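Open the model in a viewer with the sequence panel visible. The stops below are in the order in which to make the selections.

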Amino acid sequence: MHNIFFGTVIRGRGKGKKMGFPTINIKLVNCELPINKGVYVVWVTINNQIFKGMMYTGTRPTFELQKTTIEIHLLDYQENIYDMQISFQILHKIREEIHFENVGELVRQLHHDKEMVYKYFGNLIN
Ligand SMILES: Cc1cc2nc3c(=O)[nH]c(=O)nc-3n(C[C@H](O)[C@H](O)[C@H](O)COP(=O)(O)O)c2cc1C
């Protein structure tokens, strides 16, 4: 769908981890992301290994925040990778950004998004 983007992993607020969806927050190296806010299926390359992920870019309206961020929840990678250089490729848009009523609604949607990612890659869900 798009080119490959390069970025550095920076610290988020650590809220994602508490919700069961830890994310790596990305600072792009040399450009802006030329796409609209929303949730996307991505491939992420870390240390020459490739992982499935779901990327969110937006202002996190559920938390009344204003700054646009780029975050990726990796489906099969758990380790801390702060300050590392990564690259990612955007494959498919899942949905638009939503202003959820509460965090519970957001988490419910994140589980659904994850199923969409597995479906996209043609894997089984457990
Ligand atoms: C796949 C994915 C989809 C998301 N979708 C939304 C969304 O629609 N609306 C929203 O307000 N936040 C959304 N978020 C952002 C969460 O609010 C965010 O991960 C959480 O606030 C943790 O932020 P932190 O990394 O700063 O701790 C999404 C995050 C991910 C990983």
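**Stop 1: the ligand shell**

Select the ligand and the 23 residues around it; G12, R13, K15, Y56 and T62 come nearest. The model is predicted. Now colour the shell by element: α1 (15–18), β4 (49–58), β5 and α2 (103–121) each give two or more residues to it. Which element supplies the largest share of the shell? That is α2, with 3 residues. Recolouring by class gives 10 nonpolar, 7 polar and 6 charged residues around the ligand.

**Stop 2: the barrel**

Hide the side chains and show the strands. The 6 strands form a closed barrel in the order β1-β2-β5-β4-β3-β6, with antiparallel pairing. On average, neighbouring strands of this sheet are turned by 45° against each other, direction ignored.

Go round by pairs, beginning with β1 (residues 4–10) and β2 (residues 24–28), which are antiparallel and share 4 bridges. To see one of these, select V9, whose bridge partner in β2 is I26. Next, move from β2 to β5 (residues 69–74), an antiparallel pair joined by 2 bridges. Here, select N25 and its bridge partner in β5, E71. The pairing of β4 with β5 is also antiparallel, with 6 bridges. Select M54 to find its bridge partner in β5, H73. Such pairing in a sheet is made through backbone hydrogen bonds, which can be switched on in the viewer.

**Stop 3: helix α2**

Select α2 and turn the view until the strands lie behind it. The helix lies across β3 (38–46), β4 and β6, and runs at about 135° to β4. Does its length fit a regular rise, and what is the expected span of its 19 residues? At 1.5 Å a residue, α2 should span 27 Å, and its end C-alpha atoms are 27 Å apart, so the two agree. Step on to G122, which follows α2 and has a positive phi, near 75°.

**Stop 4: L75**

Finally, select L75, in the loop between β5 and β6 (85–95). Is L75 buried, exposed or partly exposed? It counts as partly exposed because it has 15 C-beta neighbours inside 10 Å, where 20 or more would make a residue buried and 12 or fewer exposed. Leaving aside neighbours within four places in sequence, the contacts of L75 are F51, K52, G53, K114 and V117. For a last distance, pick the C-alpha atoms of L75 and Y118: they are separated by 9.1 Å, with the two residues 43 apart along the chain.

How values were computed: Residues numbered from 1 in each chain as written. Predicted model: local features only at pLDDT ≥ 70, side-chain atom pairs only at ≥ 80, totals over all residues. Pairing = 2+ DSSP bridges. Near = placed C-beta within 6 Å. Nonpolar A, V, L, I, M, F, W, Y, C, P; charged D, E, K, R; others polar. Contact = placed C-beta atoms within 7 Å. Expected span 1.5 Å × (residues − 1). Axes fitted to C-alpha atoms, helices over the stretch in contact; angles between N-to-C directions.
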